[in-house]
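User: I would like to learn how to read the features of a protein model, one at a time. Could you take me through them slowly?

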Amino acid sequence: FAPVVLTVPSQANVAFSGNVIIPIARLGVGALTISAQANVTLHNSSSNTARAQYSVLGLTRIAADEWMLFGDTT
């Protein structure tokens, strides 16, 4: 299976409001990487890549164009 890149959009493109938590799961065998659109900050403790098939990640909105990535990353 092909690798997948999920891009977190800017507030200008998607008007998220309030506290948002987005669950993400890597179901296939291809790599899953989370990236951020220009002007978007993505905070995390390690990498932006899901560790293995069936890894569960999440994104939580901290502020406009500021997100935290958490879960089973490499």
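Analyst: What follows is a set of short lessons on this predicted model.

User: Let me begin with the interior. Which residues make up the largest nonpolar core?

Analyst: The largest nonpolar core has 12 residues, namely V8, V20, I24, L32, I34, V40, L42, A50, L57, L59, W67 and L69. When one asks which elements give two or more residues to this core, the answer is β3 (32-36), β5 and β6.

User: How should I read a single member of that core, for example L32, and is L32 buried or exposed?

Analyst: L32 is found in strand β3, and with a relative accessibility of 7% it counts as buried, because buried means under 20%. Once residues up to four places away in sequence are set aside, L32 touches V4, I24, A25, R26, N48, T49 and A50. The C-alpha atoms of L32 and R51 are separated by 8.4 Å, although these two residues are 19 residues apart along the chain.

User: A50 appears among those contacts, so where does A50 lie, and what does A50 touch?

Analyst: A50 has its place in the loop between β4 and β5, and at 1% relative accessibility this residue counts as buried. Its contacts, leaving aside neighbours within four places in sequence, are R26, L32, S55, L57, D72, T73 and T74. By contrast, the C-alpha atoms of A50 and S10, which are 40 residues apart along the chain, are separated by 22 Å.

User: V8 is in the core as well; which residues does V8 touch?

Analyst: Not counting residues up to four places away in sequence, V8 touches I34, S35, A36, Q37, V40, L59 and W67.

User: What can I learn from a glycine such as G58, and in which strand is G58 found?

Analyst: G58 is found in strand β5 (residues 56-63), and its relative accessibility of 1% makes it count as buried. Beyond its neighbours within four places in sequence, G58 is in contact with I22, P23, M68, L69 and F70. A separation of 20 Å lies between the C-alpha atoms of G58 and N39, which are 19 residues apart along the chain.

User: How do I read aromatic pairs, and how many are counted here?

Analyst: A pair of aromatic rings is described by the distance of the centres and the angle of the planes. In this model the count comes to 1 aromatic pair. The rings of F16 and W67 have centres 5.1 Å apart and planes at 80°, so this pair is edge-to-face. Because F16 lies in the loop between β1 (4-8) and β2 (21-25) while W67 lies in strand β6 (residues 66-71), the pair ties together parts that are 51 residues apart in sequence. As for accessibility, F16 counts as partly exposed at 21%, whereas W67 counts as buried at 2%.

User: And charged side chains: how many salt bridges are found, and which residues form one?

Analyst: Side chains of opposite charge can pair when their charged atoms come close. A search of the whole structure finds 1 salt bridge, and in the bridge that D72 forms with R51 the closest N and O atoms are 2.8 Å apart. The pair links distant parts of the chain, since D72 is in the segment after β6 and R51 in the loop between β4 (41-43) and β5, 21 residues apart. D72 is partly exposed, with a relative accessible area of 25%, while R51 counts as exposed at 51%.

User: Which residues make a nonpolar patch on the surface?

Analyst: I21, I62, M68 and F70 make a nonpolar surface patch of about 380 Å². One of these, I62, has its place in strand β5 and is partly exposed, with a relative accessible area of 47%.

User: Finally, what should I look for in the backbone angle phi, and what is phi of N39?

Analyst: Most residues other than glycine have a negative phi, and most peptide bonds are trans. Phi of N39 is near 75°, a positive value in a residue other than glycine; N39 lies in the loop between β3 and β4 and is exposed, with a relative accessible area of 70%. D65 also has a positive phi, of about 60°, although D65 is not a glycine. The place of D65 is in the loop between β5 and β6, where this residue is partly exposed with a relative accessible area of 21%.

Note on methods:
Residues are numbered from 1 along each chain as its sequence is written. Side-chain values use heavy atoms; hydrogens and water are left out. Helices (H or I, at least four residues) and strands (E, at least two) are DSSP runs, numbered from the N terminus. Buried means under 20% relative accessible area, exposed over 50%, partly exposed in between (1.4 Å probe, protein chains only). Contact means heavy atoms within 4.5 Å. Rings of Phe, Tyr and Trp (its six-membered ring) pair if their centres lie within 6.5 Å; planes under 30 degrees apart count as stacked, over 60 as edge-to-face and the rest as tilted. Patches are made of residues with over 30% relative accessible area and no salt bridge: like charges are joined within 9 Å, nonpolar side chains (Val, Leu, Ile, Met, Phe, Trp, Tyr) within 5 Å. Accessible areas come from the Shrake-Rupley method with a 1.4 Å probe; for residues, only the protein chains shown count as cover. A salt bridge is a side-chain nitrogen of Lys or Arg within 4 Å of a carboxyl oxygen of Asp or Glu. A nonpolar core is a set of buried Ala, Val, Leu, Ile, Met, Phe, Trp, Tyr and Cys residues joined through side-chain atoms within 4.5 Å.
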